[in-house]
Amino acid sequence: MTERTVLVTGGTGGLGGAVTAAFLDAGWRVVVPQREPGTDDGPVRVVADLLTPEGAARAVEAATAEPAAPLRAVVNLVGGYAAGALVHETPVEDFERMLRLNLRPTYLVTHAALPHLMASGDGAVVCVSARAAVTPFPGASGYATAKAAVRAFAETVAVEYRQRGVRCNTVLPSVIDTPANRAAQPDADHGRWVPPAEIAEVIRFLASPESAPTSGASIPVYGRA
């Protein structure tokens with residue numbers, strides 16, 4: 001795996017740190033875009049705003065900068081959740097904010113990376129949707145809609161690039177056991193939530209040659225939630 005690069009968006013988040021570690025442990029070159037400068041001994045870090053085409057292009061440029069380790073995979077983790085109200089009480093600005101945060105970076109980064117993934121002949125894209133995309137809950141119309149759109153986008157990429165050497169799959173977490181989620185729900189049964197490291201291994205598998213026959217799948221990673 002030392003001759004492969006993966007671009008991990010959202011690589012500084014609660015799930016992103018585990019995903020980055022999983023790929024580094026497997027010997028991948030890992031590129032992580034972020035808004036502010038930062039360094040460590042692991043991934044290659046690049047400052048890029050993934051809500052803009054220019055930022056997405058900058059991230060992909062960093063991911064393709066090492067000829068000895070061509071870009072083979074993109075993992076789209078950027079997203080977020082905000083509790084809301086019922087549909088008739090939700091301002092359109094709040095609804096659209098969820099779409100922008102969860103869908104736009106996934107589209108822009110995938111759009112910029114696809115020519116390079118096609119050139120590799122065995123590229124992979126992994127997107128993160130959510131259980132809410134298939135089982136919505138009250139007060140999350142924007143979030144559920146955005147995550148359903150991410151899933152539909154991933155399935156479209158899988159269909160369009162099936163004959164072009166690029167696979168695309170989606171994972172659907174429920175509640176991830178992160179410090180932020182524990183702080184937001186201190187009274188929940190945290191033992192039922194799925195640890196980030198377990199989701200990370202599923203993502204790493206979907207990005208790797210071991211999952212070569214799999215494309216267009218939506219994989220539940222619910223834990224016991």
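**A walk through the sheet and its cores**

Let's start with Leu7: this residue is buried, with 0% relative accessibility in the predicted model.

Q: Where is the place of Leu7?
A: Leu7 is at 0% relative accessibility, and anything under 20% counts as buried, so Leu7 is buried. Leaving aside its neighbours within four places in sequence, its contacts include Val31, Ala73 and Val109. As for the element that holds Leu7, that is strand 1.

Q: How far apart are the C-alpha atoms of Leu7 and Asp177?
A: Along the chain, Leu7 and Asp177 are 170 residues apart. In space, their C-alpha atoms are separated by 23 Å.

Q: In what order do the seven strands of the open sheet lie?
A: Start with the edges: strand 3 (44-47) and strand 7 (218-221) each pair on one side only. The pairing in this sheet is parallel. On average, neighbouring strands are turned by 20 degrees against each other, direction ignored. Reading across the sheet, the order is 3-2-1-4-5-6-7.

Q: Which residue of strand 5 is the bridge partner of Ala73?
A: Strand 4 (residues 71-76) and strand 5 run parallel and are joined by four bridges. For Ala73, the partner in strand 5 is Ala124.

Q: Which helix does the chain pass through from strand 4 to strand 5?
A: This β-α-β crossover is right-handed, and its helix covers residues 92-120. That helix lies across strand 1 (5-9), strand 4, strand 5 and strand 6, at about 165 degrees to strand 4. The helix in question is helix 3.

Q: How many residues of strand 5 are buried?
A: Look at both faces of strand 5. On one side sit Gly123, Val125 and Cys127, on the other Ala124, Val126 and Val128, and all are buried. That makes strand 5 (residues 123-128) largely enclosed by the rest of the structure, because the buried count is six of the six.

Q: Which residue of strand 6 is the bridge partner of Val128?
A: Strand 5 pairs with strand 6 (residues 166-173) in the parallel sense, over six bridges. Elsewhere on this pair, Cys127 stands opposite Thr170. For Val128, the partner in strand 6 is Val171.

Q: Which helix does the chain cross through from strand 5 to strand 6?
A: Here the β-α-β crossover is right-handed, and the helix spans residues 141-160. This helix lies across strand 5, strand 6 and strand 7, running at about 160 degrees to strand 6. Its name is helix 4.

Q: How many disulfides does a search of the whole structure find?
A: Take Cys127, whose nearest cysteine sulfur is that of Cys168, 4.3 Å away. A disulfide needs the two sulfur atoms within 2.5 Å, so this pair doesn't make the cut. For the whole structure, the search result is zero.

Q: Is Cys168 buried or exposed?
A: Leaving aside its neighbours within four places in sequence, Cys168 is in contact with residues including Val125, Cys127, Ala154 and Gly216. Its relative accessibility is 1%, and the cut-off for buried is under 20%. So Cys168 counts as buried.

Q: How many of the residues of strand 6 are buried?
A: Val166, Cys168, Thr170 and Leu172 point one way from strand 6, while Arg167, Asn169, Val171 and Pro173 point the other way. Residues on both sides are buried. Strand 6 is mostly covered, with a count of eight of its eight.

Q: Which residue in strand 7 does Leu172 stand opposite?
A: Strand 6 and strand 7 run parallel, and four bridges join them. Across from Leu172 in strand 7 is Pro220.

Q: How many residues does the largest nonpolar core have?
A: In soluble globular proteins, nonpolar side chains tend to be buried together. In this model, the residues with the most contacts inside the largest nonpolar core are Leu7, Leu71, Val74, Leu117 and Cys168. Helix 2 (53-63), strand 4, helix 3, strand 5, helix 4 and strand 6 each supply at least two residues of this core. Its size is 28 residues.

Q: How many residues are in the second, separate core?
A: Among the members of this core are Phe23, Val32, Leu77 and Val221. The second core is separate, and its count is 24 residues.

Technical notes
Residues are numbered from 1 along each chain as its sequence is written. This is a predicted model: local features need pLDDT of at least 70, side-chain atom pairs count only at pLDDT 80 or more; totals for chains, interfaces and linings use all residues. Side-chain values use heavy atoms; hydrogens and water are left out. Buried means under 20% relative accessible area, exposed over 50%, partly exposed in between (1.4 Å probe, protein chains only). Two strands pair if DSSP finds at least two bridges between them. A crossover is right-handed if, with the strands pointing away from the viewer, the path from the first strand over the helix to the second runs clockwise. Axes are lines fitted to C-alpha atoms, for helices over the stretch in contact, and angles run from 0 to 180 degrees between N-to-C directions. Contact means heavy atoms within 4.5 Å. A nonpolar core is a set of buried Ala, Val, Leu, Ile, Met, Phe, Trp, Tyr and Cys residues joined through side-chain atoms within 4.5 Å.
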